[in-house]
Each structure stands twice: as structure tokens, then as C-alpha cells.
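Work through the exercises below with the sequence and the structure open beside you. Try each task before reading its solution.

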Amino acid sequence: MVLLETLVNGLIQGSIYALFAASFTIIFGVMDIPNMAHAALFAGGAYVFYQATILTGLPWPVGIVVAVIAIGLLGAILERGIFARLYDRTESEYVFAIILATLGLARIFERAFAQVWGHEPKEVPLAGLQSGSLHAAGVTVTSLELLVFIFSIASFAFLYWVINHTETGLGLQAIVQDRDLARLKGVNVGRTFLIAFVLGSSMAGVAGVLNAAMFSLTPDMGSSLLIKAFIVVILGGIGRVVGAAVAGYALGIYEAFAILYLSSYYIYATEFAVLILFFLLKAVVLSEGEDDLGAAIADRVRGLTEVTR
């Protein structure tokens with residue numbers, strides 16, 4: 001019973017991690033540099049929803065649509081107004097400029113949220129789903145937790161379709177693999193960058209609404225998730241949405257079980273230990289030009305098997 005309940009808790013927490021990390025890796029894969037303001041977009045979506053539903057009185061489905069549009073539009077403004085002007089810089093200038101720009105934006109947004117809505121944590125009711133619950137196999141799940149899990153699965157199904165069955169998604173995959181080659185093959189890099197930003201920003205905004213409804217809303221509520229997103233994206237593969245989803249759920253399940261035996265300090269320490277081990281394994285196993293650790297390990301095992309025959 002405890003194992004099943006812990007597994008369910010891990011899947012629900014993993015849904016938030018996976019949604020946040022997937023939206024993060026879409027932009028990360030395109031930019032080659034992490035968007036340090038992603039946590040602010042995450043919180044921004046929740047504040048827009050809070051303003052639309054709690055303070056203005058709009059129905060919650062309308063509030064989610066408003067949050068998606070507002071944060072998607074904000075992402076488009078940032079990409080066209082700031083980041084697009086840096087794409088033609090040298091690599092070193094581009095790296096430092098993007099990191100500094102997104103760090104500055106994160107700080108500006110957090111201060112703006114605090115000035116407008118205050119620092120104190122806010123409850124974000126979502127159609128009374130927090131109070132409703134379902135019971136099955138001895139496990140109790142609130143209606144909100146069930147919504148978070150279903151929404152997460154539906155989002156990944158939609159993303160999988162977009163990335164694998166649309167021109168924009170195929171262009172996005174080509175850019176992640178080799179931006180210059182994608183441009184030579186006729187991919188409209190600028191338009192794909194813009195779509196990736198809007199898509200990633202909108203997803204972050206919705207994930208922020210669900211996270212605020214499950215816990216509480218504060219200006220810096222996405223900061224701790226940004227660190228976990230780095231772990232998830234690196235383990236799942238930069239620019240790989242399915243990898244981010246799998247790694248996000250795995251991290252959520254690990255934390256749900258680990259908290260039964262370890263303090264939060266040791267849980268963080270073990271997560272970073274896995275990340276360090278992952279980097280060491282890549283350094284030892286991967287040859288020049290290889291970037292797929294799983295395929296490289298499979299090749300090495302296949303080679304050893306053939307030698308021992």
C-alpha cells in the first residue's frame with residue numbers, strides 16, 4: 001500500500017518536473033544556451049491566471065487560456081526584441097550575452113511580480129479541484145493531482161505529434177542537431193526559433209498555474225525547479241522532449257521514495273552525484289563526434305560480445 005501510494009505521489013510530482021523540463025528543453029535545444037528567465041515565465045503564467053480568475057472573476061478555463069496567450073506573447077516579444085538580435089554574434093559573445101540577458105530578465109520579472117502582487121504566498125483555487133478526491137486500491141488522489149497527471153500526459157502527446165509530424169517540429173529537430181546544416185536545407189531558422197520560444201513559454205505558463213494550484217504562488221516559486229530542470233534536461237538529452245519527460249517522471253518517483261529514508265539535503269546530494277556520474281560516463285564512453293550515450297553504450301556492449309564469441 002505504501003509503495004503504491006508513494007509511486008502515485010512520484011508520478012504527480014514528476015508531472016510538474018516533466019512539464020517544466022520539457023518547456024525548458026525546447027528553448028534550450030534551440031538557443032544552445034539555457035534560458036535563465038524560464039522560472040520567471042513559469043511564475044508569470046500563474047500570476048496572470050491569479051489576476052484573471054481571483055481578482056477579475058473570469059472562469060478558470062478562460063484564465064488558463066489568458067495565461068497561455070499572455071506568456072506565449074511575452075516569449076515572442078523577448079525572442080524578437082532581445083534574443084534574435086544576438087544570434088549573429090560570435091559564439092563567446094552570444095553565450096555571455098544570453099546568460100546575462102536572461103539572468104537580468106529573471107530578476108526584473110521577479111521584482112515586478114513582487115511589486116504588483118506582493119511577496120506573500122497566495123493560494124490559487126482551481127475550480128475546487130483541491131478539495132475533491134478519488135479513492136482507488138487504497139490510494140487517495142485529489143482531483144487536482146489527477147488533472148495535473150492527465151494534462152501532463154496530454155501535453156506530451158501533443159508535443160510528440162508537433163515535433164514528429166509537422167514541418168515546424170521537423171525543422172526544430174534539424175536545428176537541434178545542426179543549425180547551419182538546417183539552414184542550408186531550407187529550414188526557416190528565424191521562424192522556428194520564434195515558434196519554439198512561444199511554445200516553450202506557453203507550456204511554462206500552464207505548468208506554473210498547476211504548480212501554484214498544488215502548492216502556493218510566490219514570485220520565486222520556479223527557482224528551485226530551474227535547478228531540477230537542468231538535471232532532467234541533461235539526463236534526458238538537450239532538445240529531446242521525450243527524454244525530458246522520462247527523466248522528469250523518474251526524478252519525481254525517485255524523490256517520492258527517497259523522502260521516506262533520506263533528508264532533503266541528501267536527496268539533493270544524490271541527484272547531483274548522479275549528474276556527475278553521468279558526465280564521467282559520457283567522458284569515458286563517448287568518442288569524438290558521438291552524443292548519444294545510450295547508443296554508444298549499446299555499441300560498446302555489442303563489440304565486447306562479438307569479441308568474446
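**Exercise 1. A covered helix**

What covers the buried residues of α3?

Solution. The model is a predicted one. Begin with the length of the helix. Helix α3 runs over residues 60-81, which is 22 residues. At 1.5 Å a residue the expected span is 32 Å, and the end C-alpha atoms of α3 are 31 Å apart, so the two values agree.

Next, list the buried positions. In α3 they are Gly 63, Ile 64, Ala 67, Ile 71, Gly 72, Gly 75, Ala 76, Leu 78 and Glu 79.

Last, look for what lies over them. The cover of these buried residues includes α2 (38-55), α4 (91-117) and α8 (189-214).

**Exercise 2. The second largest pocket**

Which element gives the most residues to the lining of the second largest pocket?

Solution. Start with the space itself: the second largest pocket holds about 310 Å³. Its lining is made of 13 residues, and Asp 32, Tyr 87, Arg 89, Tyr 94 and Arg 179 are those nearest the centre.

Then assign the lining to elements. At least two residues come from each of α4, α7 (179-184) and α8. The most come from α4, which gives 3 residues.

Finally, sort the lining by class. There are 7 nonpolar and 6 charged residues, and no polar ones.

**Exercise 3. The largest cavity**

How do the residues lining the largest cavity divide into nonpolar, polar and charged?

Solution. First count: there is 1 cavity of 30 Å³ or more. The largest cavity has a volume of about 40 Å³.

Second, name the lining: Val 162, Ile 163, Thr 168, Gly 169, Leu 172, Thr 192, Ile 195, Ala 196 and Leu 199. Two or more of these residues come from each of α5 (143-165), α6 (167-177) and α8. The largest share is that of α8, with 4 residues.

Third, classify them. The lining has 6 nonpolar and 3 polar residues, and no charged ones.

**Exercise 4. Helix α9 and its end**

Does the span of helix α9 agree or disagree with the value expected from its number of residues?

Solution. Helix α9 covers residues 223-236, which makes 14 residues. At 1.5 Å a residue it should span 20 Å; the end C-alpha atoms are 20 Å apart, so the span agrees.

Now check burial along the helix. The buried residues of α9 are Leu 225, Leu 226, Lys 228, Ala 229, Ile 231, Val 232, Val 233, Ile 234 and Gly 236. Just after α9 comes Gly 237, with a positive phi of about 105 degrees.

**Exercise 5. Two domains and one glutamate**

Is Glu 271 buried or exposed?

Solution. Place the residue first. The protein is divided into domain 1 (1-262) and domain 2 (266-308). From domain 1, 12 residues take part in the contact, and from domain 2, 12 residues. The C-alpha centres of the two domains lie 28 Å apart. Glu 271 is in helix α11, residues 264-285.

Then apply the cut-off. Buried means under 20% relative accessible area. Glu 271 has 3% relative accessibility, so Glu 271 counts as buried.

To finish, find its neighbours. Leaving out residues up to four places away in sequence, Glu 271 touches Lys 228, Ile 231, Leu 251, Tyr 254 and Glu 255. Leu 251 is 20 residues from Glu 271 along the chain, and their C-alpha atoms are 8.4 Å apart. Two of these neighbours, Lys 228 and Ile 231, are among the buried residues of α9.

Conventions:
Residues numbered from 1 in each chain as written. Predicted model: local features only at pLDDT ≥ 70, side-chain atom pairs only at ≥ 80, totals over all residues. Heavy atoms only, no water. Expected span 1.5 Å × (residues − 1). Buried < 20%, exposed > 50% of the residue type's maximum accessible area, 1.4 Å probe, protein only. Contact = heavy atoms within 4.5 Å. 1 Å grid on protein atoms, 1.4 Å probe; cavity = no way out; pocket = protein on both sides within 12 Å on 5 of 7 lines; lining within 4 Å. Points joined across faces, edges and corners; volume = space filled by probe spheres on them. Nonpolar A, V, L, I, M, F, W, Y, C, P; charged D, E, K, R; others polar. Domains from an automatic or database assignment.
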